[in-house]
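Q: Could you take a close look at the aromatic rings in this structure and walk me through how they pair up? I'm in my first year, so please go step by step.

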Amino acid sequence: MKRAFNFSAGPSMLPLDVIEKVAAELTDYNGCGESVMEMSHRSAEFKQILKDAEADLRDLMSIPDNYKVLFLQGGGTLQFSMVPLNLMTGSKKADYIVGGSWAKKAAKEAAKFGDVKVVASSEDDNFTYIPKVDKSQIRPDADYVHITYNNTIYGTHYAEVPDVGDVTLVADMSSCILSENIDVSKFGLIYAGAQKNIGPAGMTLVIVREDLLGKAPADIPIYLDYQIHADNDSSYNTPPCFAIYVAGEVFKKIKREGGVEVLLKANVEKAKMLYDYIDGSGFYKCPVAKEDRSLMNVVFVTGNGDLDKKFVSQAKEKGLHNLGGHRSIGGMRASIYNAMPKEGVEALIDFMEEFRKENA
Ligand SMILES: *Cc1c(COP(=O)(O)O)cnc(C)c1O
């Protein structure tokens with residue numbers, strides 16, 4: 001069996017033992033004679049899978065009882081629309097803090113549905129930092145404030161939850177969910193596409209406070225109303241069954257191995273190794289402000305575009321895959337999500353040093 005260290009930003013690596021368990025159960029889940037891929041979403045087996053996945057996630061994230069957990073489709077991108085359609089329904093104003101391209105896309109989409117104000121942006125400096133906001137900048141009658149908690153493309157991350165006063169805080173946590181402990185009660189709504197840090201593509205997680213449900217106008221497409229999914233335990237229509245099952249196996253593994261706290265410790269260690277090497281190398285540079293650096297997506301450059309391309313292709317030959325930066329900015333990006341073992345980061349650093357010696 002050949003397994004590369006895959007530094008893709010998403011879809012990305014999954015824990016090998018989870019993939020192996022899924023493979024072992026692929027044709028016959030738990031002795032029921034069916035694959036989860038073939039199973040009715042109304043079957044007792046699948047209902048249990050769904051129930052366990054939700055319960056384990058609630059446990060892992062200490063999600064309070066007054067929050068609903070929804071397993072939806074449409075990716076992070078559909079949430080750019082669903083959030084305003086459901087929540088921008090009071091004053092029809094929403095404030096966006098723009099720390100990267102995903103946030104910018106979210107704000108642009110929301111502007112179709114109401115009065116969107118970008119209250120802060122770090123675009124002036126190529127999104128190399130998290131824009132700081134004082135709560136006096138937030139419109140007190142805004143229906144919500146939207147942030148991107150970890151900017152996947154630029155490698156920035158909120159060191160702490162921003163204070164937005166009494167306004168509902170909504171966060172896109174697609175690329176950092178379950179990598180660190182989060183106080184869910186500080187947020188009205190959290191969403192995350194599964195394919196970065198949870199499981200395979202196809203499922204999007206939404207965690208929403210109950211009092212925010214039921215505010216969508218009656219004329220929006222029914223699938224886009226959170227209430228309908230909340231009322232039907234994410235099974236109003238066929239949910240992304242297989243993706244939910246694999247995510248559920250990931251949740252079980254995290255629980256078995258000590259929870260999010262243990263992962264955070266490992267994530268801090270992995271990221272520190274890589275940033276320390278980059279900063280001390282005299283060859284590679286991380287453009288991101290130190291206090292805002294992501295634990296999940298480590299962005300770096302040599303300063304020479306051709307050399308960067310050579311780096312990415314030579315790394316691939318060594319079994320270090322997908323180290324190219326996002327197509328919009330180039331350079332390099334190592335996505336080191338929960339499932340990336342420490343050995344992968346060590347192998348990357350070894351290769352970086354070898355490449356530096358040959359090309360410095
Ligand atoms: C990947 C990503 C998205 C887009 O997710 P899709 O599932 O492809 O729609 C949105 N926000 C963030 C922060 C991301 O990393």
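A: Happy to! Let's begin with what counts as a pair: rings of Phe, Tyr and Trp (its six-membered ring) pair if their centres lie within 6.5 Å. Planes under 30 degrees apart count as stacked, over 60 as edge-to-face, and the rest as tilted. Keep in mind that this is a predicted model. Searching the whole structure with that rule turns up 17 aromatic pairs.

One of them joins Y277 and Y284. Their ring centres are 6.1 Å apart and the planes meet at 50°, so this pair is tilted. Are these two tyrosines buried or exposed? Both Y277 and Y284 are buried.

Now for a pair of phenylalanines, F351 and F355. Here the distance is 5.9 Å centre to centre, with 40° between the planes, and this pair is tilted too. Where do they sit along the chain? Both belong to helix α9, which covers residues 342-359. F351 and F355 are four residues apart, which is about one turn of the helix.

How covered are these two side chains? Buried means under 20% relative accessible area. F351 has a relative accessible area of 4%, so F351 is buried. F355 comes out at 1%, so F355 is buried as well.

Finally, let's put the pieces together. Ring pairs link Y277, F283, Y284, F300, F311, F351 and F355 into a cluster. Both of the pairs we looked at, Y277 with Y284 and F351 with F355, have their members in that cluster.

How values were computed:
Residues are numbered from 1 along each chain as its sequence is written. This is a predicted model: local features need pLDDT of at least 70, side-chain atom pairs count only at pLDDT 80 or more; totals for chains, interfaces and linings use all residues. Side-chain values use heavy atoms; hydrogens and water are left out. Buried means under 20% relative accessible area, exposed over 50%, partly exposed in between (1.4 Å probe, protein chains only). Helices (H or I, at least four residues) and strands (E, at least two) are DSSP runs, numbered from the N terminus.
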